[in-house]
Amino acid sequence: MAPRRRRDPEESRAELLATAAELIGQRGPDNVSLRQIAEAAGVAHGLVSHYFGTYAALVREVLRVENDRIESRVRERIRAEDGVPLAAAIMDVVFDTLADERYLRLFVWAEMHADYRGAARPELVELIDTIEAGIRDALAGRPAPSRSRIEAVVLIGLSAAYGFAIGGRSWLAGLGHEPDDPAHAAEFRVQLARMMAAHMVEESGLEPADRVVLHSENKMVPPRRSHG
């Protein structure tokens with residue numbers, strides 16, 4: 001057991017989260033307890049309960065920190081593309097994260113516990129805000145997808161990516177493919193990004209001459225006009 005020392009509340013909470021993330025990453029969420037986290041952090045068991053309540057609530061906080069990192073990386077990719085949210089770039093971030101088995105186990109465990117459902121995610125709302133602003137800038141005043149369409153596309157992308165990460169290898173094997181061939185995951189990522197981008201602009205209401213087209217990188221830009 002680590003030696004105990006005085007900490008301020010903010011420091012104690014942050015250290016407990018870091019300790020929990022490390023232990024859960026090593027052992028999986030089913031094999032860690034609040035008492036083990038307290039012992040590893042060098043604090044009383046009651047202090048962990050005071051800050052987080054239940055073990056499921058603590059796991060939820062660990063997952064929230066991980067999700068914040070994902071959303072931060074997505075924003076960085078959008079900024080790198082001059083504020084335009086590219087479907088392929090966003091999916092790259094998501095798929096790279098889901099390649100981490102530790103994160104995937106944490107996500108699945110949290111989703112299977114009732115007290116995680118319905119948890120507020122203001123960071124996800126802010127991410128949708130960022131995507132919406134980028135799309136409107138890219139369309140330069142042309143009709144843009146509605147907020148509900150943007151949310152639906154993001155949900156479709158997340159659902160498909162997480163589903164593939166969890167069951168993709170089994171499904172590929174069932175279809176007679178080599179599940180460990182990275183070409184399958186790469187192709188799935190490309191096709192998903194294309195479908196997301198196409199669905200995003202479908203309801204824009206542009207006339208055929210002005211309709212937004214999708215380049216190979218799934219960037220939404222107006223087509224070039226003929227000068228003839």
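From the N terminus on, the elements of this protein chain run α-α-α-α-α-α-α-α-α-β-β. That order holds nine helices and two strands. Please keep in mind that the model is predicted. Of the 228 residues in the chain, buried ones make up 38%. Taking contacts between residues at least 6 apart in sequence, 63% join residues at least 24 apart.

**Where H1 meets H4**

- Let's begin with two helices, H1 (residues 9-27) and H4 (residues 55-80), whose axes come within 10 Å and cross at roughly 90°.
- Angles from 65 to 115 degrees count as roughly perpendicular, and H1 and H4 are therefore roughly perpendicular to each other.
- On the H1 side, the residues that meet H4 are Arg 13, Leu 17, Ala 20, Ala 21 and Ile 24.
- On the H4 side, their partners are Tyr 55, Leu 58, Val 59, Glu 61, Val 62 and Val 65.
- The residues of this contact divide into nine nonpolar, no polar and two charged.
- Glu 61, found in helix H4, is worth a second look.
- Glu 61 has a relative accessible area of 13%; buried means under 20%, so Glu 61 is buried.
- Leaving out residues up to four places away in sequence, Glu 61 touches Arg 13, Leu 17 and Phe 52.

**The largest nonpolar core**

- The largest nonpolar core has 52 residues, and those touching the most other members are Ile 37, Val 48, Tyr 55, Leu 58, Met 91 and Ile 131.
- Helix H4 supplies the largest share of this core, with nine residues.
- Both domain 1 (10-53) and domain 2 (62-202) give residues to the core, so the core lies between them.
- Two of the names in that core list, Tyr 55 and Leu 58, also appear among the H4 residues that meet H1.
- For a view of the surroundings of one core member, try Val 48: setting aside neighbours within four places in sequence, Val 48 is in contact with Leu 16, Leu 34, Ala 38, Val 43, Gly 53 and Leu 58.

**Around the loop after H4**

- Asp 82 is found in the loop between H4 and helix H5 (87-98).
- Although Asp 82 is not a glycine, this residue has a positive phi of about 60°.
- The relative accessibility of Asp 82 is 71%; exposed means over 50%, so Asp 82 counts as exposed.
- Gly 134 has its place in helix H7 (residues 122-139).
- Gly 134 touches Gly 83, Val 84 and Pro 85, not counting residues up to four places away in sequence.
- With a relative accessibility of 2%, Gly 134 counts as buried.
- Gly 134 and Ile 78 are 56 residues apart in sequence, while their C-alpha atoms are 7.9 Å apart in space.

**A residue in H9**

- Gln 191 is found in helix H9 (residues 182-202).
- The relative accessible area of Gln 191 is 31%; with buried being under 20% and exposed over 50%, Gln 191 is partly exposed.
- In sequence, 103 residues separate Gln 191 from Ala 88, and in space the two are 9.3 Å apart, C-alpha to C-alpha.

Terms used: Residues are numbered from 1 along each chain as its sequence is written. This is a predicted model: local features need pLDDT of at least 70, side-chain atom pairs count only at pLDDT 80 or more; totals for chains, interfaces and linings use all residues. Side-chain values use heavy atoms; hydrogens and water are left out. Axes are lines fitted to C-alpha atoms, for helices over the stretch in contact, and angles run from 0 to 180 degrees between N-to-C directions. Helices (H or I, at least four residues) and strands (E, at least two) are DSSP runs, numbered from the N terminus. Angles under 35 degrees count as roughly parallel, over 145 as roughly antiparallel, 65 to 115 as roughly perpendicular and the rest as oblique. Contact means heavy atoms within 4.5 Å. Ala, Val, Leu, Ile, Met, Phe, Trp, Tyr, Cys and Pro count as nonpolar, Asp, Glu, Lys and Arg as charged, and the others, Gly among them, as polar. A nonpolar core is a set of buried Ala, Val, Leu, Ile, Met, Phe, Trp, Tyr and Cys residues joined through side-chain atoms within 4.5 Å. Buried means under 20% relative accessible area, exposed over 50%, partly exposed in between (1.4 Å probe, protein chains only). Domain bounds come from an automatic or database domain assignment.
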